[in-house]
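Here is a friendly walk through some side-chain contacts and one pocket. Have the structure open as you read.

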Amino acid sequence: MNPYILTILLFTLGLGTTITFASSHWLLAWMGLEINTLAILPLMCQCHHPRAVEATTKYFLTQATAAAVLLFATITNAWVTGQWNLELMSEPLSTALITLALALKIGLAPLHAWMPEVLQGLDLTTGLILSTWQKLAPFCLLLQICPSNTTLLLVLGTASTLVGGWGGLNQNQLRKVLAYSSIAHLGWMVLVIQFFPPLTLMTLLLYFIMTFSLFISFKVNNATNINSLSTSWSKTPIISSLLPLILLSLGGLPPLSGFTPKWLILQELTKQELIPLAFLAALSALFSLYFYLRISYAVTLTMTPNILMSTLPWRLSSYQHTLPLALASSLTIWLLPLTPAVIALFTF
């Protein structure tokens, strides 16, 4: 893609999110979401592959449906209450419809079916943007309307944690595994969004760091399925050594960074006397941990089948910038001892 066009698209992508962040009017927030959606569509289909075009079409139709429901709900709320302010939602039906529309935009279960299929058709860089940056604007709106619909958010969060853990068990494609991992982590965030919003923001930030590390690791190895990871040790041994730690951090094992948000969320759910939901969330984390361990096994404990006449993979020098990967991997693995400082930062 032409670098000038790419710069304009990335600037527009950031502009749409910023407009949604800064808006207190529903129409302005809706406009920011639409700008954000339209800016990412050319990035999704830039490789001109039929699968990328199909993924772009599915994403556009899904986001257009969510935007239509969101606009209808905001107009209904303005018709009933006479105001367009984001923080003064008093009409229950409109609030529920807006919550469902935002859940469809970020891929919460049971409105998640588009997420694995769309992510499977994209390259890893665009998939990283879709899994991280595109979640910011809808989450900003959810944070502002979350006190109005407690039960709906709990149902969406519980369903997402279970579906995200269960759906990734039989997947061989890494991008689908990452999609179900995104659904599961979003479920953890939605479970606690109404009780402790700063904890949701901290979980979102840590999820972004861990997902960035994982996407860049797969991109350096040029891996799109689990079987292709068996050759990563001969090409990038250092990254292959770090990859299981990144995966286990996503799974939430101590003493890695990913343990922090899950531990605090379970503690908060227990304080709110939601013991069954905390139990289901912990159980779903075991499902997710299984497919993270499966990928770790493929990276570290398997070798590609070779015969005497086969050619070994070359260990060529990588031309990709690995400094962001080094920083993100360090935060993914070693951030747990800084938990008190991180909590103090987000609760200030």
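## A salt bridge within one helix

Glu54 and Lys58 sit 4 residues apart in helix α3, which covers residues 50-81, and that spacing is about one turn of the helix. In this predicted model, their side chains come together in a salt bridge, with 3.0 Å from N to O. Both partners have some contact with the outside: Glu54 is partly exposed at a relative accessible area of 41%, and Lys58 is partly exposed as well, at 30%.

## A salt bridge between two helices

How many salt bridges does the count give? The total comes to 2. Besides the pair in helix α3, there is one between Lys176 and Glu117, whose closest N and O atoms are 3.5 Å apart. Lys176 belongs to helix α9 (residues 174-192) and Glu117 to helix α5 (residues 114-120), so this pair ties together parts that lie 59 residues apart in sequence.

Is Lys176 buried or exposed? With a relative accessibility of 18%, Lys176 counts as buried, because the cut-off for buried is under 20%. Its partner Glu117 counts as partly exposed, at 37%.

## Aromatic rings

Turn next to the rings: the structure holds 5 aromatic pairs. One of them joins Trp166 and Phe287 in an edge-to-face arrangement, with 5.2 Å centre to centre and 80° between the planes. Trp166 lies in helix α8 (residues 150-167) and Phe287 in helix α14 (residues 275-300), so the pair ties together parts that are 121 residues apart in sequence. Trp166 is exposed, with a relative accessible area of 58%, whereas Phe287 counts as partly exposed at 22%.

Another ring to look at is that of Trp188. Lys262 lies over the face of this ring, 5.4 Å from its centre.

## The second largest pocket

Rolling a probe the size of a water molecule over the atoms shows where empty space is left. The second largest pocket has a volume of about 190 Å³. Which helices each supply at least two residues of its lining? They are α1 (3-22) and α6 (124-131).

If you would like to select the lining in your viewer, pick Leu6, Leu10, Leu13, Leu43, Gln46, Asp123, Thr125, Thr126, Ile129 and Trp133. Sorted by class, the lining of this pocket has 6 nonpolar, 3 polar and 1 charged residues.

Notes: Residues numbered from 1 in each chain as written. Predicted model: local features only at pLDDT ≥ 70, side-chain atom pairs only at ≥ 80, totals over all residues. Heavy atoms only, no water. Salt bridge = Lys/Arg side-chain N within 4 Å of Asp/Glu carboxyl O. Buried < 20%, exposed > 50% of the residue type's maximum accessible area, 1.4 Å probe, protein only. Phe/Tyr/Trp six-rings, centres within 6.5 Å; stacked < 30°, edge-to-face > 60°. Lys NZ or Arg CZ within 6 Å of the ring centre and 35° of its normal. 1 Å grid on protein atoms, 1.4 Å probe; cavity = no way out; pocket = protein on both sides within 12 Å on 5 of 7 lines; lining within 4 Å. Points joined across faces, edges and corners; volume = space filled by probe spheres on them. Nonpolar A, V, L, I, M, F, W, Y, C, P; charged D, E, K, R; others polar.
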